[in-house]
Amino acid sequence: MSFKRIDENTWERKEWFDHYLHEVPCSYSTTVSLDITHIQGARLYPALLWFITQTVNEQKEFRTAVCADGVGYFSDMHPSYTILNPKRKTFSVIWTEFSPCYATFLKRYEQDVERSASSTQMYPKPGMPQNTFDVSMIPWLDFSSFSLHLSPEPYTLPIFTLGKATYGEGTRTIPLAIQVHHSVCDGYHVGCFVDSLQSKLREGKLQ
């Protein structure tokens, strides 16, 4: 992992970044319905984590962060995601190192979940790196809109929330809420992200 510092003096986005970070602090969210018909037969949560992370790593707008050293973007990202303790009905947040090979990622995911499934801690896995982004899943709820309310402190990495998968007329869909910070990510970038992610899901290639 590397963090590439952006030279704000020559950054083409500086005016927009300053405006939405300082003058009009603004994050926004949108919810889309993803067609996941072609990934049937695979474990849904790890498959979606893998597809989402793959797409995040393709777009630097989704890897741009404000750190102690300034604004820049990570070379690659890993998913940080929630799992449920079925007895206590509480969740834990764990992370899994991403791999472009799905079989490798799935093995790491299964090991991480097995170690933490019965945890009573919120963050049971130590060593979470800076270059992680948040994903959660609410598999009991089919929603058409979902929004988080963050504190004023700027958080510019994306946050994803998945809902309940539903069937209809030979298709299977799932809602995905996407929250981003306007200082680093415009509607155009979200549109590109959704198009790329949906294209991958329609191909359904887990390899």
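## Cysteines, a helix pair and a loop serine

User: Let's start with C101. How accessible is C101 here?
Analyst: This is a predicted model. In it, C101 is partly exposed, with a relative accessible area of 32%.

User: And C185, buried or exposed?
Analyst: C185 is buried, at 1% relative accessibility.

User: How many disulfides does a search of the whole structure find?
Analyst: Zero.

User: Why no bond for C185?
Analyst: The closest cysteine sulfur is in C192, and it sits 9.4 Å from the sulfur of C185. That is too far for a bond, because a disulfide needs the two sulfur atoms within 2.5 Å.

User: Switching to helices. At what angle do α2 and α3 cross?
Analyst: Roughly 125°. Helix α2 covers residues 44-56 and helix α3 covers residues 102-116. Their axes come within 10 Å.

User: What does that make them to each other?
Analyst: Oblique. The crossing of α2 past α3 is right-handed.

User: Which residues meet there?
Analyst: From α2, Y45, P46, A47, L49 and W50. From α3, Y102, F105, L106 and Y109.

User: How do the residues of that contact divide into nonpolar, polar and charged?
Analyst: Nine are nonpolar, with no polar and no charged residues in the contact of α2 with α3.

User: New topic, S119. Where does S119 lie?
Analyst: S119 is in the loop between α3 and β7, the strand at 132-137.

User: Is S119 buried or exposed, then?
Analyst: S119 counts as buried, at 13% relative accessibility. The cut-off for that is under 20%.

User: What is S119 in contact with, leaving aside neighbours within four places in sequence?
Analyst: N85, S92 and P124.

Note on methods:
Residues are numbered from 1 along each chain as its sequence is written. This is a predicted model: local features need pLDDT of at least 70, side-chain atom pairs count only at pLDDT 80 or more; totals for chains, interfaces and linings use all residues. Side-chain values use heavy atoms; hydrogens and water are left out. Buried means under 20% relative accessible area, exposed over 50%, partly exposed in between (1.4 Å probe, protein chains only). Axes are lines fitted to C-alpha atoms, for helices over the stretch in contact, and angles run from 0 to 180 degrees between N-to-C directions. Helices (H or I, at least four residues) and strands (E, at least two) are DSSP runs, numbered from the N terminus. Angles under 35 degrees count as roughly parallel, over 145 as roughly antiparallel, 65 to 115 as roughly perpendicular and the rest as oblique. A crossing is left-handed if the near helix is turned anticlockwise from the far one by less than a right angle, and right-handed if clockwise. Contact means heavy atoms within 4.5 Å. Ala, Val, Leu, Ile, Met, Phe, Trp, Tyr, Cys and Pro count as nonpolar, Asp, Glu, Lys and Arg as charged, and the others, Gly among them, as polar.
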